[in-house]
Amino acid sequence: MDNSENRQTVHWFAMRDLTRSNAKNPAYKLLESLRFELFTPMVRKVVTRQGRRITKEVPFMHDLLFVHDSRENLDSVVDRTPTLQYRYVRGGFCKPMTVPDDDMNRFIAAVTDSPAPRFFRPDEITPDMLGRKIRILGGNLDGYEGRLLSVRGARRKRVLVELPNLMTAAVEVNADLIRIDDDEDDKS
């Protein structure tokens with residue numbers, strides 16, 4: 001495939017927003033106004049505005065957003081917006097980081113269908129947080145294989161849905177839909 005075909009193919013691009021976290025017009029709002037399909041994981045935070053405490057939805061990681069479009073269309077916006085950049089693959093010479101459509105669609109479905117997803121940066125996931133290997137049978141994550149989030153005393157089952165090297169979300173799953181993989185060696 002030549003470079004011009006590659007620039008016109010639609011991908012989920014991982015992007016960086018270099019504005020401050022309290023900016024009035026962050027990249028995700030700019031791209032929404034330009035009618036780009038995008039996703040940025042949002043969390044609720046309590047902020048103080050004019051002496052009043054209010055709950056506001058803000059991006060989990062201010063500098064991370066995902067845009068679904070062609071490189072050609074995004075280049076024009078990136079060129080005229082100094083605070084918007086591509087995230088690049090490590091070891092690749094100026095190769096923008098992309099997420100496969102299936103992985104991104106599964107992540108978005110899991111996060112939007114969960115009442116209270118918990119997000120983690122890659123460096124926040126420790127080996128003791130990784131529970132048993134499971135497969136989900138039914139629901140919006142049907143067929144997904146992953147790991148349970150291991151938290152002492154937790155009453156709800158949460159499965160870790162990952163976008164490798166970018167972020168992980170722990171989403172609630174109905175216990176009836178979980179099948180524990182039998183081929184895993186128990187270390188008990």
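This short presentation describes the fold, the cores and the largest pocket of one protein model.

Good morning. The model is a predicted one, and every value I quote is computed from it. I begin with the overall picture. The protein has 188 residues, of which 38% count as buried. Its C-alpha atoms fill a box of roughly 55 × 55 × 30 Å along the principal axes. The secondary structure comprises four helices and 13 strands. If we take the contacts with a separation of 6 or more, residues 24 or more positions apart account for 62% of them.

Let me turn to the open sheet. Six strands make up this sheet, in the order β8-β12-β11-β10-β9-β13, and their pairing is antiparallel. At the edges stand β8, residues 118-120, and β13, residues 178-180, each of which pairs on one side only. From one strand to the next, the twist averages 40°. As a general reminder, strands of a sheet pair through backbone hydrogen bonds, in either a parallel or an antiparallel manner. At the β8 edge, the antiparallel pairing of β8 with β12 extends over three bridges. One residue to look for there is F119, whose bridge partner in β12 is A169.

Which strands does α4 lie across? The helix lies across β8, β11 and β12, and its direction is at about 145° to that of β11.

This helix leads us to the hydrophobic interior. The largest nonpolar core contains 31 residues, and those with the most contacts inside it are F66, F107, V159 and M167. Two or more residues come from each of β1 (10-17), α4 (101-113), β9 (130-136), β11 (158-163) and β12 (167-172). Among the contributors, α4 gives the most, with five residues.

F66 deserves a closer look. Leaving aside neighbours within four places in sequence, the contacts of F66 include W12, F13 and A14, then E37, L38 and F39. Further along the chain, F66 also touches V99, M104, L163, L166 and M167. Apart from the largest core lies another, of 14 residues, with M15, A27, F36 and L65 among them.

F66 falls within strand β5, residues 65-70. Why is β5 described as largely enclosed by the rest of the structure? The reason is that six of its six residues are buried, and buried here means under 20% relative accessible area. β5 pairs with β1 in the antiparallel sense over six bridges; within that pairing, V10 has S70 as its bridge partner in β5. β5 also pairs with β2, residues 37-39, again in the antiparallel sense, over three bridges. In this second pairing, E37 stands opposite H68 of β5.

Finally, I come to the largest pocket. In general terms, rolling a probe the size of a water molecule over the atoms shows where empty space is left. The largest pocket holds about 410 Å³ of space. Its lining consists of 17 residues, and S21, N22, R49, K56 and V58 lie nearest the centre. Which element supplies the largest share of the lining? That element is β4, with four residues. At least two lining residues are supplied by each of α2 (27-33), β3 (42-49) and β4 (52-59).

To close, two points may be kept in view: α4 gives the most residues to the largest nonpolar core, and β5 is largely enclosed by the rest of the structure. Thank you.

Methods: Residues numbered from 1 in each chain as written. Predicted model: local features only at pLDDT ≥ 70, side-chain atom pairs only at ≥ 80, totals over all residues. Heavy atoms only, no water. Core = buried A, V, L, I, M, F, W, Y, C linked by side-chain atoms within 4.5 Å. Buried < 20%, exposed > 50% of the residue type's maximum accessible area, 1.4 Å probe, protein only. Contact = heavy atoms within 4.5 Å. Pairing = 2+ DSSP bridges. Axes fitted to C-alpha atoms, helices over the stretch in contact; angles between N-to-C directions. 1 Å grid on protein atoms, 1.4 Å probe; cavity = no way out; pocket = protein on both sides within 12 Å on 5 of 7 lines; lining within 4 Å. Points joined across faces, edges and corners; volume = space filled by probe spheres on them.
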